[in-house]
Amino acid sequence: RRAALIARYKDGYRVVADALEGATDAELDARPGPGTWSAREIAHHLADSEMTSAIRLRLLLAEDRAAIRGYDQEEFARRLHYDRPIANSLLAFQAARSSTSELLDRMSDADWAREGTHSEHPRYSVERWLEIYADHAHNHADQITRARASRGEGH
């Protein structure tokens with residue numbers, strides 16, 4: 001199961017890049033409904049989330065009982081100028097994921113058994129981290145596809 005999750009994690013950037021391939025500014029800014037994120041905002045969220053998740057894994061591996069802090073993704077979207085071009089955020093997402101993938105390939109059984117705490121969860125393990133982030137990019141790639149398609153729906 002772990003190998004499948006790692007493979008899915010490693011494929012995350014590709015599925016997002018594929019979902020964004022050839023997107024126009026109008027498609028990047030389309031919203032499938034009120035209160036939903038545009039593809040552009042999702043791209044920036046993925047960069048911020050990926051950089052955060054990369055640090056979370058490193059803390060879990062390097063600190064005993066690491067204390068992981070949650071963050072408000074909606075506040076990030078409001079304050080971090082998610083209306084800007086996406087190219088550099090995609091590079092940040094790709095680099096953080098690639099670097100973290102190298103760590104995943106080198107982790108020992110002892111590394112996989114490490115745990116810390118999370119401000120939103122009493123237990124937060126390396127295994128749980130992988131379960132979350134293996135799916136994260138794929139889920140957002142689907143969301144990007146839906147957001148882009150909504151451009152033709154008059155949104």
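Is R31 buried, partly exposed or exposed? Select R31 first in this predicted model: with a relative accessibility of 34%, R31 counts as partly exposed. Now add E41 to the selection, since the two residues form a salt bridge whose closest N and O atoms are 2.7 Å apart. E41 belongs to helix α4, whereas R31 sits in the loop between α3 (25-29) and α4, so the pair ties together parts that are ten residues apart in sequence. E41 has a relative accessible area of 15% and is therefore buried, the cut-off for that class being under 20%.

**Further salt bridges**

The bridge just shown is one of 17 salt bridges that the structure holds. Select E115 and R65 next, whose side chains meet in another salt bridge, at 4.0 Å from N to O. Here E115 lies in strand β2 (residues 115-118) and R65 in the loop between α4 and β1 (67-68), so this pair ties together parts that are 50 residues apart in sequence. E115 is partly exposed, at a relative accessible area of 23%.

Moving on to helix α5 (residues 73-79), select R78 and E75, which are three residues apart in that helix and thus separated by about one helical turn. These two residues form a salt bridge with closest N and O atoms 2.7 Å apart. R78 counts as exposed at 57% relative accessibility, while E75 is partly exposed, with a relative accessible area of 24%. Then select R1, R128 and E131, which are joined into one network by salt bridges that share partners.

**Around R148**

What does the side chain of R148 reach at 2.7 Å? Select R148, which lies in helix α8 (residues 126-149), and follow its side chain to the backbone oxygen of A19, which it reaches at that distance of 2.7 Å. The side chain of R148 also makes a polar contact, at 2.9 Å, with the side chain of E27. If residues up to four places away in sequence are left out, R148 touches A19, L20, E21, G22, A23, E27 and A39. R148 counts as buried, because its relative accessibility is 14%.

**The nonpolar cores**

Which residues touch the most other members of the largest nonpolar core? Select V16, L20 and I144, which hold that place among the 21 residues of this core. The elements that each give two or more residues to this core are α2 (12-20), α4, α6 (87-106) and α8, and the largest share, five residues, comes from α4. Centre the view on V16, which, leaving aside its neighbours within four places in sequence, is in contact with L46, L90, F93, A137, A141 and I144. Apart from this core lies another one, of 17 residues, and I68, W112, V126 and Y133 are among them.

**Ending at S53**

For the last stop, keep Y133 in view and select S53, a residue of helix α4 (residues 39-62). Which residues does S53 touch, not counting those up to four places away in sequence? They are W129 and Y133. S53 has a relative accessible area of 0% and is therefore buried. To finish, add H140, which is 87 residues from S53 along the chain, and compare the positions of the two C-alpha atoms, which are separated by 15 Å.

Conventions. Residues numbered from 1 in each chain as written. Predicted model: local features only at pLDDT ≥ 70, side-chain atom pairs only at ≥ 80, totals over all residues. Heavy atoms only, no water. Helix = DSSP H or I, 4+ residues; strand = E, 2+ residues; numbered from the N terminus. Buried < 20%, exposed > 50% of the residue type's maximum accessible area, 1.4 Å probe, protein only. Polar contact = N/O pair within 3.5 Å; in protein donor to acceptor, adjacent residues only side chain to side chain. Contact = heavy atoms within 4.5 Å. Core = buried A, V, L, I, M, F, W, Y, C linked by side-chain atoms within 4.5 Å.
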